[in-house]
Amino acid sequence: MTKQEIKDDLTVRYLAYETKLTDKIDQYTYFFFSFTVSVPFTLTLVLSVVFGMCAIILERYTRGNHFTAVLPYSKKAVLGVKVLLGIAVITVSYFVSLGLGFWYFSSQVPAEFIDFDAQKLVMDVIGTWFAYLLLFLLPIVVGYLIGSPLGGIMITAGLLLLLNMILSFVGHLSAFLNKGETGELAYWCDYFRIFEPLGFIRPAYGPLLLQGGLLLTFVLVAWFAAERESLETNGRLFVFQRMRAWGIGIFGVFTGMFVANMIQDFVKLTGIAGLVLFLIVFCLSGISFIMFAIRLVYGKRL
């Protein structure tokens with residue numbers, strides 16, 4: 001084979017799956033190496049979330065929570081130490097592991113069979129790092145906003161699945177409106193994979209900027225909430241009472257999406273009638289959840 005044929009057909013160009021989308025939405029892929037379906041890789045995702053939960057959510061109702069409260073340091077200082085230590089551990093672990101992986105791979109595969117796409121490589125490396133940091137920071141933010149440990153764990157798990165649920169809901173709507181085709185939705189999928197290490201498909205920097213913005217937002221929200229949170233809020237579903245109304249509304253919308261997605265996945269509705277029924281299921285499910293939650297949270301005061 002010629003060098004050009006090797007470069008075109010036998011080189012490893014990406015860390016993870018890469019899809020090229022043309023005007024006709026044709027898909028093809030180069031060779032790639034990936035470990036995103038392995039058990040150790042899945043454990044890194046779970047442990048990053050658990051690491052963040054241990055900082056706030058799982059500390060409630062423990063001696064550590066009371067000990068932290070009596071320390072002669074501000075709550076923001078305690079939060080800063082936890083966040084910086086967590087980021088340092090994740091960063092060192094990630095880049096050391098990545099470096100060892102690259103070293104081993106390059107020692108086993110001849111250099112003429114390696115031709116990484118530079119932009120996609122940068123996106124995969126930095127995007128994966130940001131994804132691990134987001135998985136760590138999300139439960140910290142939830143821990144400051146949700147006073148119940150069980151509620152915090154459930155809401156964290158729900159938020160991690162949220163983007164995939166929204167993507168599925170939008171995909172169903174797009175299929176109804178475009179007669180089974182997803183249309184331009186494939187170009188926007190990366191924005192819903194910001195919590196997935198090595199989850200980006202296209203070499204575009206937009207999702208990377210979104211990850212950076214979310215990281216900054218998480219830190220600022222936790223910084224704001226830490227100063228106003230106290231031991232008296234332990235056990236409350238919502239630490240701040242103003243969160244109840246819009247929190248119920250948001251969860252109602254998400255519940256409607258979840259039920260509508262399940263119905264569509266199992267029944268496979270089609271046509272205008274299917275679209276109408278899909279939207280009816282979405283609205284009824286959301287409204288039912290909101291009514292139940294209002295009764296549960298506010299009780300007889302409404």
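Me: Where does Q264 sit, and why is Q264 called buried?
Reply: In this predicted model, Q264 has its place in helix α8. The relative accessible area of Q264 is 9%, and a residue is called buried when that value is under 20%. Since 9% falls under the cut-off, Q264 earns the label buried.

Me: Which residues does Q264 contact, leaving aside its neighbours within four places in sequence?
Reply: They are H172, F176, L269 and F278. Each pairing counts as a contact because heavy atoms of the two residues come within 4.5 Å.

Me: M262 is in helix α8 too. What makes M262 partly exposed?
Reply: Look at the number: M262 has a relative accessible area of 36%. Partly exposed is the class between the two limits, under 20% for buried and over 50% for exposed. The value of 36% lies between them, so partly exposed is the right name for M262.

Me: Which residues make a nonpolar surface patch with M262?
Reply: M262 is joined there by F258, I263, F266 and V267. The patch they make covers about 500 Å². To belong to a patch, a residue needs over 30% relative accessible area, and M262 passes that test with 36%.

Me: Where is K268, and how do you know whether K268 is buried or exposed?
Reply: K268 lies in the loop between α8 and α9. Its relative accessible area is 55%. Exposed means over 50%, so K268 is exposed. K268 has another feature to look for: its phi is near 60 degrees, a positive value in a residue other than glycine.

Me: What makes D124 and K120 a salt bridge?
Reply: The rule asks for a side-chain nitrogen of Lys or Arg within 4 Å of a carboxyl oxygen of Asp or Glu. Here K120 brings the nitrogen and D124 the oxygen, and the N to O distance is 3.0 Å. That is within 4 Å, so the pair qualifies. D124 and K120 are both buried.

Me: Why are D124 and K120 separated by about one helical turn?
Reply: The reason is their spacing: they are four residues apart in helix α5.

Me: How many salt bridges does the rule give?
Reply: The count comes to two. Besides the pair in α5, D190 and R193 meet at 3.5 Å, N to O, and that distance also satisfies the 4 Å limit.

Me: Why do D190 and R193 count as buried?
Reply: D190 has 2% relative accessibility, and R193 has 18%. The limit is under 20%, so the label buried fits D190 and it fits R193.

Me: How many disulfides does the structure hold, and what are C54 and C189 called by accessibility?
Reply: The number of disulfides is zero. A disulfide would need two cysteine sulfur atoms within 2.5 Å. As for the labels, C54 is partly exposed at 43%, whereas C189 is buried at 14%.

Me: What makes a set of residues a nonpolar core, and which members of the largest one touch the most other members?
Reply: The members must be buried nonpolar residues joined through side-chain atoms within 4.5 Å. The largest such core has 55 residues, and L79, L137, I140, Y144, F195, F218 and M257 touch the most other members. Several helices feed this core with at least two residues each, including α2, α4 and α8. Helix α5 gives the most, with 14 residues. In soluble globular proteins, nonpolar side chains tend to be buried together.

Me: Which residues are in contact with Y144, leaving aside its neighbours within four places in sequence?
Reply: Among them are I56, R60, L79, A222 and F240. E229 is on that list as well. E229 also turns up in another pairing: it is 154 residues from K75 in sequence, yet their C-alpha atoms are 8.9 Å apart.

Me: Where is I155, and why is I155 called buried?
Reply: I155 lies in helix α6. Its relative accessible area is 16%, which is under 20%, so I155 is buried. Not counting residues up to four places away in sequence, I155 touches V142, I146 and F251. I155 and F251 are 96 residues apart along the chain, and 9.8 Å separates their C-alpha atoms.

Methods
Residues numbered from 1 in each chain as written. Predicted model: local features only at pLDDT ≥ 70, side-chain atom pairs only at ≥ 80, totals over all residues. Heavy atoms only, no water. Buried < 20%, exposed > 50% of the residue type's maximum accessible area, 1.4 Å probe, protein only. Patch = residues over 30% accessible without salt bridge, like charges linked within 9 Å, V, L, I, M, F, W, Y side chains within 5 Å. Areas by Shrake-Rupley, 256 points an atom, 1.4 Å probe, with all protein chains shown as cover.
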